[in-house]
Amino acid sequence: MPDEPLLRVEEVSKHFKVRGRTLHAVERVSFELDAGQTLGLVGESGSGKSTLGRVALRLLEADAGRVVFQGRDIAKLSSKELRQERRHMQIIFQDPLASLNSRMTVGAAIEDAMIIQGVGTRAERRKHVDELLERVGLPLSAGNAFPFELSGGQQQRVGIARALAVKPKLVVCDEPISALDVSIQVQIIDLLKDLQKEMNLAYIFISHNLGVVQYLSDRVMVLYLGEVVEQGTAQDLFADPQHPYTRVLIDSILKIPESSAERRPMTGLPGEMPSPFSPPVGCPFHPRCALAQDRCSAEKPQMRAVADGHLAACHFAG
Ligand SMILES: Nc1ncnc2c1ncn2[C@@H]1O[C@H](COP(=O)(O)OP(=O)(O)O)[C@@H](O)[C@H]1O
Ligand code: SF4
Ligand SMILES: [Mg+2]
């Protein structure tokens, strides 16, 4: 199947039961991702980005829809097959310290990822650990350190080395720079970009920082209350945002002075996100949308093409 993308997500939904109520975390999301490409995911906190990233790796089971990785429906893999496939699907977290075992040295933690996957002999693994440390910009001595002895930027480099130790094809980067100082963020972004090129990695890149998403992504998806409201190439979506929510997100960063240390988008948006337990009828954005009309609270807008490869779910887009 030469046209099969690396990852195909079809109409995936994920709900959580919370004290007997159903929380709509991800609703009927579809996308495709090719090897070596980056899909950026943006949206306010609670919009379903992390849940979608985890469902794509089957760290969470989807309630509906399919996730097809390398041509195979990952829900149908046996636990042994899933373990083998995991090698190709890794994740990098916002807080590397929380994801690393505090009692393992950095070298052991990176090697552990290879042991879990049954990769290499002991000598090969040790050699690869040293190569990885060097590749992610850490001194070899870091291999003998414990995670808490390293700076935040160094810890994230360990998180990256651990994810890449098994030579994955897809990496979900879930807010990988959000906890880092701005100067370090740039270094980590450049490292991720270089590694992507070298290893032909596909990224699902989740970030609050729209500038970084624009810089790294080939395509971008905007999530609102678990639903995709707009998707397109990074260039089209940022140059010509079609959905009012996307425009508000982009405006929210432009309003903050460039020099401000608090230059965090997605704060100061109008109104509050409605409850994910009972999403609004009609357009999910209508209670907060400055352009809402009567139709918007009655009829749900469907995702439709507003230009080639550029889709938006707003009655008045295009
Ligand atoms: N394990 C869970 N149990 C219950 N609710 C959850 C769980 N994980 C996420 N949620 C809820 O699902 C929604 C989406 O969360 P999340 O995917 O973490 O959003 P984001 O990453 O965009 O901030 C939120 O309302 C969140 O509270
Ligand atoms: S459909 Fe209506 S409420 Fe929804 S984004 Fe468009 S204008 Fe706003
Ligand atoms: Mg998240």
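This passage describes the sheet of a predicted model and two of its residues with positive phi.

The sheet is open and has 4 strands. Their order is 2-1-4-5, and the pairing is antiparallel. Strand 2 (21–33) lies at one edge and strand 5 (72–73) at the other. Each of these edge strands pairs on one side only. In general, strands of a sheet pair through backbone hydrogen bonds, in either a parallel or an antiparallel sense.

At the strand 5 edge, the partner is strand 4 (residues 64–69). The two run antiparallel and are joined over 2 bridges. Within this pairing, Phe-69 stands opposite Arg-72 of strand 5.

Backbone geometry draws attention to two arginines. Most residues other than glycine have a negative phi. Arg-28 is not a glycine, yet its phi is positive, at about 45°. Arg-28 belongs to strand 2, an edge strand of the sheet. Arg-28 counts as partly exposed because 14 C-beta neighbours lie inside 10 Å, where 20 or more would make a residue buried and 12 or fewer exposed.

Arg-58 also has a positive phi, of about 55°, without being a glycine. Arg-58 sits in the loop between helix 1 (49–56) and strand 4. With 17 other C-beta atoms within 10 Å, Arg-58 is likewise partly exposed. The two arginines thus occupy a strand in one case, Arg-28, and a loop in the other, Arg-58.

Key. Residues numbered from 1 in each chain as written. Chains lettered and ligands numbered in written order. Predicted model: local features only at pLDDT ≥ 70, side-chain atom pairs only at ≥ 80, totals over all residues. Pairing = 2+ DSSP bridges.
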